[in-house]
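Here are a few notes to read alongside the model, written with the bench in mind. Please keep the structure open as you go through the points.

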Amino acid sequence: MSRRLAIVGSGIAGLYAALLASDAGADVVLLTKGSLEHSNTWYAQGGISAVLPEPAPGDTVAAHIADTLRAGAGHCNEAAVRLMCTEAGSDIAALQQFGVRFDSGPDGGPALGLEAAHSAPRILHAGGDATGARTAGALIGAVLARAARGTLTVHTHAHTTALQERNGQVTGVVYLQDGMLRSLAADAVLLATGGAGRLFGQTTNPAVATGDGLALAVRAGAAPADLEFFQFHPTCLVAAAAPRPGRLDGPLLISEAVRGEGAVLVDAGGRRFMKAYHADAELAPRDVVSRSIALHLAKLGNPGGHVYLDARPIEQTHGAGFLSRRFPTLTRKTLDAGIDWTRELVPVAPAAHYWMGGIATDLHARTSIPGLYAAGEVACTGVQGANRLASNSLLEGLVFGRRAVEDFLEGSSADPSAPALAPRSGERLARSAAGADPHATTALSGPPELPHASAPLPRNARAHLAVPAALEGEADRPILQGGSWPSSFGAGGAEDVLEPFSREGLRSLMTAKAGVLRSGALLCEAGRTLDRWAAVVRPDAVPESADPAVHEDRNLLLAAQLLVSAALARRDSLGAHYRSDETVETIPLRPKASLSHD
């Protein structure tokens, strides 16, 4: 009898893993809490980075590794980065065998794009800025074809509420479907549930991003890592400020390429402000622009407000019609929202975009609990470090989703401390799917030397740059005294008034006190409120409710507590985590992971 792998989540990691495991003869059950297309992957407008067998001139796997390490601000797991970049080519080939069609260049080969912080063109796109939807759509088609043949089982609108355990090992899941709780036994479970952008008031993530996988794993005893690192995209359309918000089909990023063409940021008074915060103004790194917007709004007394993107100078420079030719999707969607950006300002604000932290995993996607894997945004492989490189997230889901399947098929999921597989062995499932040349996946002279996945790796030193005076203010003063942080968030003052828990209240709290700008005082205030809500809502327990929203509320609350605790513990600023009360105000000096629609 085939061993069963239960996969929770239908983004790129879950879909790809399901196909590989099914085709290898495993009994695969794929569960997703919405329909199959409800995932962060579907909304990903960026591409997939990979050094192909025939790379762009001058590009190598070694260069991809170096770019990823630099973008991660010295906080990456170098072994995981080497593995992902080295094995990328075979997974790209496998995607093509599953029906993904990447955009072609003039020579008929794949069109390779260049994005910020990448040293060479290596970004694959499908349908221009529709890479996520095109990729997920092809994988969904392949999954449904196998389901129709009876070689793979799919449960949609099945909200996983708990992991089943026996003798310290995960043995299945409990899920809610059609108002009833059901159970599914499995030899192992792969969590591929995505992130938790819905923790914040403004996010690029769809409604399903409620931290479910992280909460499931932590309640079962799995170890998380790097939860303080949450990336914010600086310019997301503020739907509430648009004339026709109901016509938007989801969050809308306004590409950094728009600013590259000459668009500028202005405040409600029409004043351009970015020059006061960074020498590169609107072209500063993503985290700097997000931080600058937040600081400027705070100084204007409107920390929950928005600024405006002025794209009118672009057509003044390039002529009428340039915006619609250069940015057809953004032009169409802004018009749908009631904004003619050739004549009007676009309301924008920083938005929660991608969680670098997650469930800690080793090089085979194994968590600290036997029988439990994690891949994609829900996992923390160490690849992304403190701030991910553009277009590496979809690749990470592919590589580690596949490596989880490889490990499961070898039967080692019961022992998360098992020795690491040989560096190349995890590629064979992708080669089998792709019919790829086994020697065509890397430009390195040989396989990288990888330490055991659980071995601690040194963190590289980082360079720093003093923050401009314009970034300093009242909120930058050190808040907490003494040499250590409190072991708990402490008691609130007599003036504190506890509002009942609500999802909107949680999002407002996290945005104001644990978002782009953080300090010890703000984080402690957030922690106290979260603790008091938790005393009533009990995010550590699984409710009996048949309402999925009740489960999501508890998952979000637990994720918020974990993020705030991690952010308090890291007293210095690093990557996407900015503490205004650190001893020496610094901004890491490094290329940033950003571009266009990533």
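1. Let's start with the surface. In this predicted model, the protein exposes about 22100 Å². Carbon and sulfur atoms supply 53% of that exposed area.

2. Now the inside. The protein has 598 residues, and buried residues make up 58% of them. The chain is built from 16 helices and 19 strands. Among contacts with a separation of 6 or more, 74% are between residues 24 or more positions apart.

3. A word on charges, since there is plenty to look at. Side chains of opposite charge can pair when their charged atoms come close. How many salt bridges does a search of the whole structure find? The search comes to 29 salt bridges.

4. Arg122 is a nice place to zoom in. Arg122 forms a salt bridge with Asp59, and the closest N and O atoms are 2.7 Å apart. This pair links distant parts of the chain, with the two positions 63 residues apart in numbering. Asp59 sits in the loop between strand E3 (48-49) and helix H3 (61-71), while Arg122 sits in the loop between helix H4 (78-97) and strand E4 (123-124). Both partners are buried.

5. Arg122 also forms a salt bridge with Asp67, where the closest N and O atoms are 2.8 Å apart. This pair, too, links distant parts of the chain: Asp67 belongs to helix H3, and the two residues are 55 residues apart. Are these two side chains buried or exposed? Arg122 counts as buried because its relative accessibility is 0%, and Asp67 counts as buried because its value is 2%; the cut-off for buried is under 20%.

6. Please also look at Arg579 and Asp581. Their side chains meet in a salt bridge, at 2.9 Å from N to O. Arg579 has 0% relative accessibility, so it counts as buried. Asp581, at 10%, counts as buried as well.

7. Which residues are linked in a network of salt bridges? Lys33, Asp212, Arg503, Glu552 and Asp553 are linked in this way. It may be handy to display these five side chains together.

8. Finally, the cysteines. A disulfide here needs a pair of cysteine sulfur atoms within 2.5 Å, and by this rule the count comes to zero disulfides. Two cysteines can be placed by their accessibility: Cys236 is buried, with a relative accessible area of 1%, and Cys524 counts as buried at 6% relative accessibility.

Terms used:
Residues are numbered from 1 along each chain as its sequence is written. This is a predicted model: local features need pLDDT of at least 70, side-chain atom pairs count only at pLDDT 80 or more; totals for chains, interfaces and linings use all residues. Side-chain values use heavy atoms; hydrogens and water are left out. Buried means under 20% relative accessible area, exposed over 50%, partly exposed in between (1.4 Å probe, protein chains only). A salt bridge is a side-chain nitrogen of Lys or Arg within 4 Å of a carboxyl oxygen of Asp or Glu. Helices (H or I, at least four residues) and strands (E, at least two) are DSSP runs, numbered from the N terminus. Contact means heavy atoms within 4.5 Å. Accessible areas come from the Shrake-Rupley method with a 1.4 Å probe; for residues, only the protein chains shown count as cover.
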